[in-house]
Amino acid sequence: MLILISSLLLFSTALVLMILRMMPTNARTAWLVAVGGGMLTLVSVFAWLTQMPFEFALPAWQPQALFVNPILFRADEISFPFALSISALTLAILLTAVARSALTNSFTWAGVLALGGLGLLAMTANNPFTLVLVWAALDITELLAQLRSVEGSAQNEKVVISFSTRVFGIGLLLWANIVSLASGSAFNFQSISPNAGLYLIAAAGLRLGVLPLHLPYSDESTLRRGFGTSFRLISAASSLVLLAHVPAGSLVSGLTPFMLVLAVIAALYSGWMWLRAPDELTGRPYWVIDLAALSVISALSGNSLGAVAWGCALILVGGSLFLSSIQHVWLNRVLLLGAWSLSSLPFSLTAGAWLGALGFFSPFVIVAQALLIAGFIRHALRPAGRDSLEDQPIWMRTMYLSGIVLLVAFQFLLGFIGWNGALQVGAWFHALAASLLTAGLVWATPRLHVLNPIRAHWVGSAASGVNNIYQNLWAVYRVLEGISQTIINTLEGESGIMWTLLFLILFISYLAQGTP
Amino acid sequence: MSAPVVWILIPFLAGILILLFVPEKYSSIVGGTVAMILSLVALIFPIDTALLLGSLSIKISTSVEFFGRSFSLSTADGTLLAIVYGSAAFWFFGVYSPKAEKRFISLGLMIVALFTASIAVEPFLYAALLLEMAAMLVIPLLVPIYQKAGRGVVRFLIYQTLAMPFILFSGWMLAGVESSSGDFGTTVQSGAILGLGFAFLFGVFPLYNWIPMLMEEVSPYVTGFLLWSLSIFTTIFALGFLDRYTWIRTSPQLSSAIIYTGMIMAASAGIFAAMQKHIGRIMGYAAIFETGLVVLAMGLRSSNIVDIVFLLLIPRGLELVIWALAISIIKREVYSLRLSEVRGLARKYPIAVAALVTAHLSITGFPLLAGFPSRLALGQELAGYSLTISFWVFIGMFGLLIAAIRTLAVFVMADENAPWSVNESWVQISMLAIGVIGLFVIGIFPQVLKPFFVNLPSLFEHLGR
């Protein structure tokens with residue numbers, strides 16, 4: 001029931017904001033309502049700790065004989081850190097919104113709250129069937145919001161393509177359902193068939209842009225700091241949670257090394273692009289892919305705990321960086337604490353990230369992780385293009401700073417309490433190697449030309465370089481189109497009836513021989 | 001009063017009266033109201049059960065004799081009639097094109113009445129004749145007077161007409177099979193002939209080519225209505241065969257043949273839909289895909305067969321009417337429905353485009369929409385049968401999804417700074433909004449259909465037992 005309370009707090013606050021929007025209320029009241037809802041939600045998620053693990057099921061679909069799985073939510077050591085991260089992110093976005101008043105309004109805040117509510121439902125989904133429903137809701141919401149905010153045919157097309165990749169991810173998850181049922185297993189996270197495990201990873205990987213490597217999110221226009229951050233991070237986390245449920249037995253497959261290779265390539269490429277991105281918002285798609293790739297690698301190495309750790313880092317560390325639109329010396333230093341959370345050093349948020357067997361891939365993963373941290377440090381310290389808080393009232397400054405500090409504080413908090421990944425020493429040697437390499441990269445960045453940031457307009461072409469692979473798919477599509485058009489023309493042409501009857505006779509003759 | 005008079009004779013006469021006496025602009029309201037009243041009567045007044053309204057006792061009797069044939073509608077038919085006339089009301093209220101309005105309403109009512117007669121007639125083999133009559137009545141709906149029929153229309157009539165003798169002949173043979181169950185040769189022959197009859201009636205691969213042709217040649221709204229009404233009654237007719245003849249129900253060969261036929265239909269329709277450049281034709285292939293799923297479900301020797309089939313059929317009416325209405329609205333703006341012509345129209349007709357894409361995604365089986373629960377249930381049943389067949393059905397769904405994404409991409413690819421505007425009328429917006437909300441409600445809470453599922457299985461004596 002607590003799951004429902006937390007989600008409903010977010011949804012009902014969003015509803016209240018929509019109602020207030022129709023009344024002559026000032027923006028400050030609406031903001032207070034939004035922040036109040038966000039705070040209550042955060043408190044209610046903490047309250048989960050008193051009863052965990054617990055479940056909440058919605059009334060079963062009817063006729064019951066047809067629908068095996070109920071819509072079921074569960075608060076446990078996997079969902080709790082994600083839920084806490086999402087509720088903290090939602091509150092932080094609302095707190096920092098005071099500094100973005102020119103671009104935000106109560107409608108945007110309602111959107112952030114509703115997204116947070118959907119995010120909580122996604123994190124607590126206890127079977128893939130429930131997760132599919134929440135994914136679909138998130139995808140539709142994102143599609144509508146993006147289509148409203150972009151201009152021009154190319155941008156609109158990108159929005160639809162990014163929607164399509166995520167929908168194909170849903171399709172893969174449904175296929176995993178079929179495979180699991182065909183093996184005689186129920187399709188819930190506790191008893192999923194090992195045969196379906198790799199499909200789960202592929203589904204999450206496809207939605208995240210890792211397997212195969214692609215940019216699943218279109219370039220944003222107006223959806224930048226607040227709403228955009230909420231979209232990007234919650235949407236990605238909703239896919240990452242699936243990785244935390246992959247059964248270890250399903251990884252004993254000949255395909256696993258190939259998927260690891262693809263994930264490592266994605267991690268290295270996106271880490272490189274993230275390091276060289278001109279600013280943090282331009283590089284955000286690579287940040288998401290990089291962390292998602294590291295999650296996939298953790299899951300494929302048999303350590304689903306790592307997927308949770310990287311997922312929380314994606315939200316909390318990424319959230320603190322992407323919401324920082326203000327130039328403030330102390331804030332920049334506080335942000336740097338995120339590097340600790342990404343380091344997988346003992347007792348950090350990601351300390352349990354590399355407990356699986358990486359084997360041959362270990363050096364590559366260390367490089368990918370170092371690129372990620374070095375990029376983070378560079379973007380956290382980069383002052384250019386940020387506004388100042390100097391001319392804002394004191395309460396605005398306090399609220400804004402508390403929003404960022406909240407996310408940083410939760411990174412440390414999750415290193416110590418609430419889930420199985422807390423208080424871990426982890427693979428300290430791996431963490432040390434990644435940290436040393438990071439230090440080297442940070443030192444070398446201003447000194448080596450190749451590590452310097454690329455100009456903004458180059459980023460697009462680099463991305464399209466990767467997307468060239470997908471242009472080849474178009475060629476295959478054209479060939480198939482030609483073949484199908486020939487068949488259709490034959491059947492619909494003058495001699496179509498004769499061809500049709502001939503096919504029918506052949507089909508009956510074939511069936512008459514016995515069971516096909 | 002007897003049930004066949006209420007649900008066959010009255011709508012048929014209403015159709016004639018609308019054609020002769022009702023002014024053009026009121027015909028949609030009159031026809032829709034008649035259908036809605038008939039639907040409500042079917043819901044409120046159980047057939048063959050006395051209902052006391054104060055001192056007044058009302059009872060609708062079950063059957064009536066006509067030219068030596070009996071027309072009978074039982075209590076179990078009540079739910080089906082409520083669904084059919086309720087959906088028909090939606091089609092009639094949603095009529096868009098003023099020129100085709102009156103003819104569509106009057107002939108539409110007569111067609112539904114004839115289809116209803118096909119499920120009521122005894123001996124039930126005569127249903128084939130009534131289906132053929134309904135098919136012939138569709139022709140003036142498809143082809144305006146003094147206009148030459150297109151190839152799609154001709155092919156539709158040929159295939160529907162060919163279905164009739166096959167089914168009648170197989171019926172005659174089936175009587176022999178029942179009396180001499182050991183005669184394997186006759187069994188195979190009658191099975192093949194029956195299969196051929198239903199192949200024409202359902203429009204299995206490759207006999208479905210008239211559907212995309214019609215979608216291109218004539219009004220998509222009229223074709224959509226035909227696809228909805230024909231499929232629902234053909235399915236009930238086919239289920240009737242499965243229910244009556246034990247050997248059809250229990251034959252593993254026939255079951256496999258039906259399943260493979262459905263699979264080929266669904267997969268081919270999905271693949272062809274992905275390659276289309278005409279949104280009308282895409283809708284046609286989507287309807288074929290869904291019929292394929294119905295055929296596939298009928299082949300499963302499962303106790304849930306009736307529930308799955310109706311879970312597929314009920315949302316289908318809503319999906320097709322929304323899709324057809326949206327296409328009709330868009331067609332007013334463009335010369336043809338080719339993708340190149342409708343580019344960027346989402347900003348001009350946002351409601352129609354949103355409804356069209358929603359209906360398309362629903363037929364694809366997108367979660368949260370009405371088509372999803374039925375695909376999920378069918379997928380679970382298929383998983384226990386064959387992973388290969390499940391895979392090909394998935395390919396079909398994948399093809400339809402590609403078509404949906406292509407359509408959406410083309411619709412939203414507007415030029416820079418093209419303004420958003422709403423050009424649909426408030427009636428159109430209301431109809432589309434009701435339909436889309438309905439798709440979401442059924443998709444999220446399929447239990448809203450539970451009242452229908454209580455009675456529908458009792459339409460059949462043996463199926464699903």
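The expected span of a helix is 1.5 Å times one less than its number of residues. Keep that rule at hand for the exercises below, which use a predicted model.

**Exercise 1. Find how far helix α12 of chain B reaches, and whether its residues are buried or exposed.**

Step 1: Helix α12 of chain B covers residues 279-299, which is 21 residues.
Step 2: The rule gives an expected 30 Å for this helix, at 1.5 Å a residue.
Step 3: From its first C-alpha to its last, α12(B) reaches 31 Å, close to that expectation.
Step 4: Now look at the surroundings. A residue is buried if 20 or more other C-beta atoms lie within 10 Å of its own. In α12(B), 21 of 21 residues are buried, and the helix is mostly covered.

**Exercise 2. Work out why B:F452 is classed as it is, and which residues it touches.**

Step 1: Locate B:F452 in helix α18 of chain B, residues 450-455.
Step 2: Count its neighbours: 17 other C-beta atoms lie within 10 Å.
Step 3: Buried needs 20 or more, and exposed needs 12 or fewer. B:F452 is therefore partly exposed, because its count is 17.
Step 4: Set aside the neighbours within four places in sequence, and B:F452 is in contact with B:T79, B:I83, B:F310 and B:I314.

**Exercise 3. Describe the order and pairing of the open sheet with β3, β4 and β5 of chain B.**

Step 1: The three strands run in the order β3-β4-β5, with antiparallel pairing.
Step 2: β3 (63-66) and β5 (121-122) of chain B are at the edges with a single partner strand each, so each has one side without a neighbour in the sheet.
Step 3: Strand β4(B), residues 69-72, pairs with β5(B) over two bridges. For B:S70, the bridge partner in β5(B) is B:E122.
Step 4: A reminder of what holds such an arrangement: strands of a sheet pair through backbone hydrogen bonds.

**Exercise 4. Decide how compact chain B is for its length.**

Step 1: Chain B contains 18 helices and five strands.
Step 2: Its radius of gyration is 22 Å, and the globule rule gives 23 Å for 465 residues.
Step 3: These values are close, so chain B is as compact as a globular protein of that length.
Step 4: Add the burial figure: 61% of the 465 residues in chain B are buried.

**Exercise 5. Find which element of chain A gives the most to the side that touches chain B.**

Step 1: The contact takes 46 residues from chain A and 48 from chain B.
Step 2: On the chain A side, α6(A) gives the most, with 13 residues.
Step 3: By type, that side divides into 29 nonpolar, 13 polar and four charged residues.

Terms used:
Residues are numbered from 1 along each chain as its sequence is written. Chains are lettered from A and ligands numbered from 1 in the order in which they are written. This is a predicted model: local features need pLDDT of at least 70, side-chain atom pairs count only at pLDDT 80 or more; totals for chains, interfaces and linings use all residues. Helices (H or I, at least four residues) and strands (E, at least two) are DSSP runs, numbered from the N terminus. Two residues are in contact if their C-beta atoms, placed from the backbone, lie within 7 Å. The radius of gyration is taken over C-alpha atoms; the globule rule is 2.2 Å times the number of residues to the power 0.38. Ala, Val, Leu, Ile, Met, Phe, Trp, Tyr, Cys and Pro count as nonpolar, Asp, Glu, Lys and Arg as charged, and the others, Gly among them, as polar. Two strands pair if DSSP finds at least two bridges between them.
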